[in-house]
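User: I am new to this structure and would like to go through it step by step. Please keep the answers short and show the reasoning.

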Amino acid sequence: MVFENAQDREESWYLYDADGERIKQVSYEPNEKVQNCGTVTILKEDHTIANMLRHQLLEDERVRFAAYQMPHPLQHRCLVRVETSDSSHTPLMAIDRAFDALITEFNQIDQRFKDEVEKKKSDRGDVFE
């Protein structure tokens with residue numbers, strides 16, 4: 001089945017504008033109306049990363065508000081809005097810490113998985129090879 005209005009799959013992987021210039025995947029725009037608030041735009045991503053980031057942001061007690069929005073289902077772009085409780089902890093700092101925490105968590109999951117595979121290999125022999 002071919003969807004005529006669907007974006008080409010290749011366009012989901014590359015970060016270039018119409019002129020062939022490389023563009024940033026993550027950009028930040030402060031909110032002029034609300035203090036300590038801003039919106040991060042993440043290109044070529046979907047609900048998976050946006051929801052994980054939102055959840056990790058809400059784990060931080062200095063984050064007052066965190067939510068995400070997908071402007072259109074056919075656009076691979078998510079907007080994450082973050083508001084912090086005071087100016088000593090900016091939204092960019094909160095986002096940076098949230099990404100660092102997610103990277104650490106994924107590295108731990110990866111290591112646990114590898115350890116379990118090695119454990120199963122030693123228990124059963126070379127079944128997985």
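**Questions on the fold and its buried residues**

Analyst: Cysteine 37 is buried, at a relative accessible area of 3%. The model is a predicted one.

User: Is cysteine 78 buried or exposed?

Analyst: The cut-off for a buried residue is a relative accessible area under 20%. Cysteine 78 has a relative accessible area of 0%, so cysteine 78 is buried.

User: How many disulfides does the structure hold?

Analyst: A disulfide is a covalent bond between the sulfur atoms of two cysteines. To count here, a pair of cysteine sulfur atoms has to lie within 2.5 Å. The number of disulfides in the structure is zero.

User: In what order do the elements of the protein run from the N terminus?

Analyst: The protein has two helices and four strands. Read from the N terminus, the order of these elements is β-β-α-β-β-α.

User: Which strands are the edge strands of the sheet?

Analyst: The four strands form an open sheet with antiparallel pairing, in the order E1-E2-E4-E3. An edge strand pairs on one side only, and the strands that do so are E1 and E3.

User: How many bridges join E3 to E4?

Analyst: E3 covers residues 63-69 and E4 covers residues 77-84. The two strands run antiparallel, and one of the pairs has tyrosine 68 with valine 80 of E4 as its bridge partner. The number of bridges joining E3 to E4 is six.

User: Which strands does H2 touch where it packs on the sheet?

Analyst: H1 packs on the sheet and touches E2, E3 and E4, with its direction at about 170 degrees to that of E3. H2 packs on the sheet as well, and its direction makes about 115 degrees with that of E4. The strands touched by H2 are E1, E2, E3 and E4.

User: Which residue in E2 is the bridge partner of valine 26?

Analyst: Strand E1 spans residues 26-30 and strand E2 spans residues 37-43. These strands run antiparallel and are joined by five bridges. In E2, the partner of valine 26 is isoleucine 42.

User: Which residue in the hairpin of E1 and E2 takes a positive phi?

Analyst: The hairpin has six residues between its strands. One residue of the loop between E1 and E2 is asparagine 36. The residue with a positive phi, near 60 degrees, is asparagine 36.

User: Why does asparagine 36 count as buried?

Analyst: Asparagine 36 touches residues away from its own stretch of sequence, among them Val82, Glu83, Thr84 and Pro91. A residue is buried when its relative accessible area is under 20%. Asparagine 36 counts as buried because its relative accessibility is 18%.

User: What is the relative accessible area of glutamate 83?

Analyst: Glutamate 83 is part of strand E4. Beyond its neighbours up to four places away in sequence, glutamate 83 touches residues including Val34, Asn36, Cys37, Val63 and Phe65. Glutamate 83 is buried, with a relative accessible area of 15%.

User: What distance separates the C-alpha atoms of threonine 84 and phenylalanine 65?

Analyst: Threonine 84 also belongs to strand E4 and is buried at 1% relative accessibility. Among the residues that threonine 84 touches are Asn36, Val63, Arg64 and Ala94. Threonine 84 and phenylalanine 65 are 19 residues apart along the chain, and their C-alpha atoms are separated by 6.8 Å.

User: How many residues does the largest nonpolar core have?

Analyst: In soluble globular proteins, nonpolar side chains tend to be buried together. The elements that give two or more residues to the largest core here are E2, H1, E3, E4 and H2. Those with the most contacts inside this core include Ile42, Leu53 and Leu57, and leucine 57 is in contact with Val63, Val80 and Ile95, among others. The size of the largest nonpolar core is 13 residues.

User: Is arginine 22 buried or exposed?

Analyst: Arginine 22 lies in the segment before E1. Leaving aside neighbours within four places in sequence, arginine 22 is in contact with Leu15 and Tyr16. The cut-off for an exposed residue is over 50%; arginine 22 has a relative accessible area of 64%, so arginine 22 is exposed.

User: What percentage of the residues in the protein is buried?

Analyst: The protein has 129 residues. Its accessible surface comes to about 9,800 Å², and 49% of that belongs to carbon and sulfur atoms. The buried residues make up 22%.

Conventions
Residues numbered from 1 in each chain as written. Predicted model: local features only at pLDDT ≥ 70, side-chain atom pairs only at ≥ 80, totals over all residues. Heavy atoms only, no water. Pairing = 2+ DSSP bridges. Core = buried A, V, L, I, M, F, W, Y, C linked by side-chain atoms within 4.5 Å. Buried < 20%, exposed > 50% of the residue type's maximum accessible area, 1.4 Å probe, protein only. Contact = heavy atoms within 4.5 Å. Areas by Shrake-Rupley, 256 points an atom, 1.4 Å probe, with all protein chains shown as cover. Axes fitted to C-alpha atoms, helices over the stretch in contact; angles between N-to-C directions.
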